[in-house]
Structures are given as structure tokens and as C-alpha cells.
Amino acid sequence: MAYDSVETSAGRRDDALGGSATFFSVACSNFAPVSLVGVVGEDFRDGDVELFRSHDVDVSGLERVEGQTFRWSGVYGPEDVNTRTTLDTQLNVFADFAPRLSDTQRVSPCLFLANIAPSLQLDVLKQMRERPKLVALDTMNFWIEGNGAELKEVVRQVDIVFMDENEARSFTESVNLMQAARAIHSMGPSTVVVKRGEHGAILFHDGQPFLTPAVPLEHVIDPTGAGDTFAGGFLGYLAATEDLSEAGFRRAAVTGSVMASFVVEGFSLERLAEATSEEIESRFRQLATLTRFEPLAEDESLPRRNR
């Protein structure tokens, strides 16, 4: 849970609602019930709490304590939205945050361990009464570089790992993404998702790769939160359908790309919060059309030039 000050080529927003739990929860709420656990300060706006409620996100686990809400500020490259420079990070009340789950949350069938310290992720997992059907994890280079051993311990105990290209390479010390994904898979997770920004994502489910493109967009306003929004769409689809087949995971990956396409069209939740079911389904069908082609029949072969 955070307030972000972001500058892109499209403009600037100060103290905009952000944070990995924020983007994940709102994206996931389009498909399945979400119960959020997080901490904010006295400065957290009542209107932002109401935004969660308007999307049927359970905020009973949102803790408000004395102090200021986590703050982050950054600038994206004017010509490359994938290039970001962090200007300032203030942990504030997040510095002493110790997540505590309610009795109801302890029996949730799906658990998303958002981008926090690996020790806290592991603590949350241990608070579950029974191991959920699905446990997913997201992280960042800060934890990979500073808490690598702890992070590997958590990775061994989850089903799904989300990382971007640089994180996957850094975590496994492998330049090749296929090798990096297989290295993470060998630690225990059945599913590895490598997020590639405007190039979509690569899903490795039970060792089988699947590529989903990003939705082609004419205008990208702010990519902040795109990865967490992807995860929200991905897990939301799986939670709603309970389809854990290979086909189900592939559809989940496409759903993640679709949800991420909305959040980048505005600052903070400006566009994501307004996405309708009809728009979401339309973009899902659009991606299916963009990637569809006729495979070779059994009695067909590609043309060959005689030499």
C-alpha cells in the first residue's frame, strides 16, 4: 500500500494511490473475491478505502497506524517506458509492518504473497491453517540482491512465481530466460511467469513454455503497477474457474496481459478502476485473434526452395 509520485512523458501525478497489493486487489476483484492485508498511515485518504470497497475488496485486513503511508517517487524515460529511475523511497509505517491474518483469511484457497520482504512472505504462509490450493509469489531485485537466501526458501514452498526478465536473470544468475525459468522451476514451483513489459509474458507451466503478447496500445501513460495487475488478472482467473489444467493456465496468462493493458492507459488506477466486463472480454478475444493462425495439417509441410 503506497502513495506514488510518478512522472512520465504523458505528465505527472503526486501522491497517487499505488502499491503491489493495491493493483493486484483491484485487478483480481473483477473475477474473484479478494481480501487485502496491508498497512497505511494516518494520511491514507478515506476516498481510497472507498475505492477498494466499490470493487468489493475486503479491507478488514487494512491496518491504519500512526505515521505516514509508504511513499515512492520515480521518473520513466521519455522514449522508453520500460526505463525507470527511482528518485525517493520512504518506508514510513511499512518499516515495522508485520502482517496478521484473520481466522477467515487463514483458510483462503488462494494466497498471493505480494512484493515484501521474503521473511514476511514466509511468515504469512505459515499463518495459513492449511496450505492453500494455490500460493503465488512476486518479488523484486531489492530482495533478490539483499535477501537471496531467504527468498529461495520461500520460492521452494510456492506454486507460482512472478518475476520480470531482469529479476529472473539476477535470481538464477542465468542470462538465458529459458534456463532461468527452468532453474526456478527446479526449486519447486510448478509455474513460472516471466513478465516482459510491452512484449507480454512467458508462462512456464510444468516445464512447458507459452508466450502471451501484450495488448497492442497506441498510448501508454504510466506502466507503474502493470506487473501486479498482471498477477491479479492471472490469479483471479484461476480462482474463479478453478481450472488448473495447462489450458487454464494459458488463459490465465492472457487474462493477466489483458488486465495489465488497462492499468498502463492511465496514472494509478484511473483506467483500471473503470474497466468494464465487456471491455475485458473484448480485449481477451482481441488477443486470441492476434495470435491465431492455421497450423500445418499432418499431410502438409512448409514450402522448400530447391537448391
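Contact here means heavy atoms within 4.5 Å. This is a predicted model, and the tour below goes through it one selection at a time.

**Stop 1: Ile-221**

Select Ile-221, in the loop between β12 (208-212) and α8. Which residues does Ile-221 touch, leaving aside its neighbours within four places in sequence? They are Thr-8, Ala-10, Val-264, Glu-265, Gly-266 and Phe-267. Now add Lys-152 to the selection. Ile-221 and Lys-152 are 69 residues apart in sequence, and their C-alpha atoms are 34 Å apart in space.

**Stop 2: the largest cavity**

Phe-267, a contact of Ile-221, also belongs to the lining of the largest cavity. The structure has 1 cavity of 30 Å³ or more. The space inside the largest cavity comes to about 40 Å³. To see what surrounds it, select Asp-4, Val-6, Arg-13, Ala-16, Leu-17, Asp-222, Thr-224, Phe-267 and Ser-268. Two elements, β1 (2-8) and β2 (11-18), give two or more residues each to this lining. Which element gives the most to the lining of the largest cavity? That is β2, with 3 residues. Colour the lining by class and you will find 4 nonpolar, 2 polar and 3 charged residues.

**Stop 3: α8 against α9**

Two packed helices are described by the angle between their axes and the distance between the axes. Select residues 226-241 for α8 and residues 246-263 for α9. At what angle do the axes of these helices cross? The crossing is at roughly 140 degrees, and the axes come within 7 Å. Because of that angle, α8 is oblique to α9; angles over 145 degrees would count as roughly antiparallel. The crossing of α8 and α9 is right-handed.

Next, show the side chains where the two helices meet. From α8, the contact takes in Ala-226, Thr-229, Phe-230, Gly-233, Phe-234, Tyr-237 and Leu-238. From α9, the residues include Gly-248, Phe-249, Arg-251, Ala-252, Thr-255, Met-259 and Val-263. By class, the contact of α8 with α9 has 11 nonpolar, 6 polar and 1 charged residues.

**Stop 4: α1 against α8**

Keep α8 on screen and add α1, residues 20-28. The axes of α1 and α8 are 7 Å apart, and the helices pack at an angle of about 35 degrees. The crossing of α1 and α8 is right-handed. On the α1 side, pick out Ser-20, Phe-23, Phe-24, Ala-27 and Cys-28. On the α8 side, pick out Asp-228, Thr-229, Ala-231, Gly-232, Gly-233, Leu-235 and Gly-236. How many nonpolar, polar and charged residues does the contact of α1 with α8 have? It has 6 nonpolar, 5 polar and 1 charged.

**Stop 5: the second largest pocket**

Return to Tyr-237 in α8, and to Arg-251 and Thr-255 in α9, which take part in the contact between those helices. Tyr-237, Arg-251 and Thr-255 are also among the lining residues of the second largest pocket. To complete the lining, add Asn-30, Phe-31, Ser-277, Ile-280, Glu-281, Phe-284, Arg-285 and Ala-288. The volume of this pocket is about 240 Å³. At least two residues of its lining come from α9, and at least two from α10 (277-291). The most come from α10, with 6 residues. The lining divides into 5 nonpolar, 3 polar and 3 charged residues.

**Stop 6: α6 against α7**

For the last selection, take α6 (residues 165-172) and α7 (residues 177-186). Their axes come within 9 Å and cross at roughly 65 degrees. Is the crossing of α6 and α7 left-handed or right-handed? It is left-handed. Glu-165, Ala-168, Arg-169, Phe-171 and Thr-172 are the α6 residues in the contact, and they meet Leu-177, Ala-180, Ala-183 and Ile-184 of α7. Sorted by class, the residues of this contact are 6 nonpolar, 1 polar and 2 charged.

Definitions and conventions: Residues are numbered from 1 along each chain as its sequence is written. This is a predicted model: local features need pLDDT of at least 70, side-chain atom pairs count only at pLDDT 80 or more; totals for chains, interfaces and linings use all residues. Side-chain values use heavy atoms; hydrogens and water are left out. Axes are lines fitted to C-alpha atoms, for helices over the stretch in contact, and angles run from 0 to 180 degrees between N-to-C directions. Helices (H or I, at least four residues) and strands (E, at least two) are DSSP runs, numbered from the N terminus. Angles under 35 degrees count as roughly parallel, over 145 as roughly antiparallel, 65 to 115 as roughly perpendicular and the rest as oblique. A crossing is left-handed if the near helix is turned anticlockwise from the far one by less than a right angle, and right-handed if clockwise. Ala, Val, Leu, Ile, Met, Phe, Trp, Tyr, Cys and Pro count as nonpolar, Asp, Glu, Lys and Arg as charged, and the others, Gly among them, as polar. On a 1 Å grid over the protein atoms alone, a cavity is a set of points where a 1.4 Å probe fits but cannot get out, and a pocket is an open set with protein on both sides within 12 Å along at least five of seven lines; lining residues have an atom within 4 Å of a point. Grid points are joined across faces, edges and corners, and a volume is the space filled by probe spheres set on the points.
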